Amino acid sequence: MGNVGVQIVCVALGVLGLIGTIVCCVVPRWKVSSFTGSNIVTAQSSQEGLWMQCVVQSTGQQQCKNYDSLLVLPSDLQAARAMTIISCMLSVLSVLILFCGADFTTCIENEDAKPKISLVAGVGLLLAGLLVIIPVSWSANIVVRNFNDQLIPASQKKELGASIFVGWGAGVLLLLGGGLLCCFSRPKSGGSGGTAKYYSNSATAPNKNYV
């Protein structure tokens with residue numbers, strides 16, 4: 001019963017992590033304008049994401065434009081595109097595998113195979129979490145480094161957007177769910193094989209005595 005509770009929690013963590021990864025991938029809030037120093041013009045602010053760049057006016061109007069080419073993006077956002085998409089696909093696949101191998105479902109009737117399937121799902125969630133945290137941390141490091149660079153004008157400096165923090169949260173949820181699955185999913189094939197061999201030896205022993 002304890003494993004059932006852990007698996008339900010891991011399913012919830014995986015779904016929440018998947019939602020956070022999708023939000024992080026879609027919402028154009030990876031880099032936002034910085035209003036520090038001499039850059040006090042707040043009439044409009046720019047927001048950069050993986051797929052588009054938006055300009056928000058002080059009146060609330062927002063205009064977004066897709067990037068003209070993939071080569072326009074810096075290397076960190078190019079890698080973030082691929083990693084976040086792979087993370088979303090891996091999260092969906094891992095959650096589906098967990099549903100099939102969970103103790104509270106009857107998709108698979110072989111009880112010995114369920115821990116192995118849950119272990120595979122846990123490894124998938126761990127990889128999905130890493131694929132989110134790596135590009136988010138990479139972009140955050142570049143933003144902070146450029147912000148502290150005195151050679152870059154204040155008008156060109158950016159700050160961390162909300163998508164960065166959502167990506168960190170989603171990665172932690174996926175890592176936590178995968179870690180719990182790996183800890184509580186232990187195959188039981190070794191014990192059953194030894195028990196079967198013991199009974200077979202004990203069953204043949206009386207036959208030899210009667211002969």
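**Exercise 1. Describe the overall make-up of the chain in this predicted model.**

*Solution.* Among contacts between residues at least 6 apart in sequence, 66% join residues at least 24 apart. The protein chain contains five helices and five strands. Read from the N terminus on, its elements follow the order α-β-β-β-β-α-α-β-α-α. Of its 211 residues, 35% count as buried.

**Exercise 2. Determine how the spans that UniProt lists under "transmembrane region" appear in the model.**

*Solution.* Step 1: consult the record. The unreviewed UniProt entry lists residues 82-105, 117-140 and 160-184 under this heading.

Step 2: examine residues 82-105. This span is 83% helix and 0% strand, and its end C-alpha atoms lie 33 Å apart.

Step 3: examine residues 117-140. Here the span is 100% helix and 0% strand, with 35 Å between the end C-alpha atoms.

**Exercise 3. Establish how helix α3 is oriented relative to helix α4 and relative to helix α2.**

*Solution.* Step 1: choose the quantities. Two packed helices are described by the angle between their axes and the distance between the axes.

Step 2: treat α3 and α4. Helix α3 covers residues 114-147 and helix α4 covers residues 162-184. Their axes come within 7 Å and cross at roughly 155°. Angles over 145 degrees count as roughly antiparallel, and α3 and α4 are therefore roughly antiparallel to each other. The crossing in which α3 passes α4 is left-handed. The residues of this contact comprise 18 nonpolar, 10 polar and no charged.

Step 3: treat α2 and α3. Helix α2 covers residues 75-101, and it packs with α3 at an angle of about 160°, the axes being 8 Å apart. By the cut-off of 145 degrees, α2 and α3 are therefore roughly antiparallel to each other. This crossing of α2 and α3 is also described as left-handed. The contact of α2 with α3 has 20 nonpolar, nine polar and two charged residues.

**Exercise 4. Decide whether Ser118 is buried or exposed, and identify the residues that it touches.**

*Solution.* Step 1: locate the residue. Ser118 lies in helix α3.

Step 2: apply the cut-off. A residue counts as buried under 20% relative accessible area. Ser118 has a relative accessible area of 1%, so Ser118 is buried.

Step 3: list the contacts. Leaving out residues up to four places away in sequence, Ser118 touches Gln7, Leu98, Gly101, Ala102, Leu181 and Ser185.

**Exercise 5. Carry out the analysis for Gly129 and for Val4, and state a pair of C-alpha atoms for each.**

*Solution.* Step 1: consider Gly129. Gly129 is placed in helix α3. Its relative accessible area is 0%, so Gly129 is buried. Gly129 and Leu173 are 44 residues apart along the chain, and their C-alpha atoms are separated by 7.5 Å. When neighbours within four places in sequence are set aside, Gly129 is in contact with Gly171, Leu174 and Leu175.

Step 2: consider Val4. Val4 belongs to helix α1, which covers residues 2-26. With a relative accessible area of 18%, Val4 is buried, since the cut-off is under 20%. Val4 and Ala102 are 98 residues apart in sequence, and their C-alpha atoms are 7.3 Å apart in space. Setting aside neighbours within four places in sequence, Val4 is in contact with Asp103 and Phe104.

Note on methods. Residues numbered from 1 in each chain as written. Predicted model: local features only at pLDDT ≥ 70, side-chain atom pairs only at ≥ 80, totals over all residues. Heavy atoms only, no water. UniProt positions renumbered as here; feature names shortened; annotations may be inferred. Helix = DSSP H or I, 4+ residues; strand = E, 2+ residues; numbered from the N terminus. Axes fitted to C-alpha atoms, helices over the stretch in contact; angles between N-to-C directions. Parallel < 35°, antiparallel > 145°, perpendicular 65-115°, else oblique. Left-handed = near helix turned anticlockwise from the far one by under 90°. Nonpolar A, V, L, I, M, F, W, Y, C, P; charged D, E, K, R; others polar. Buried < 20%, exposed > 50% of the residue type's maximum accessible area, 1.4 Å probe, protein only. Contact = heavy atoms within 4.5 Å.
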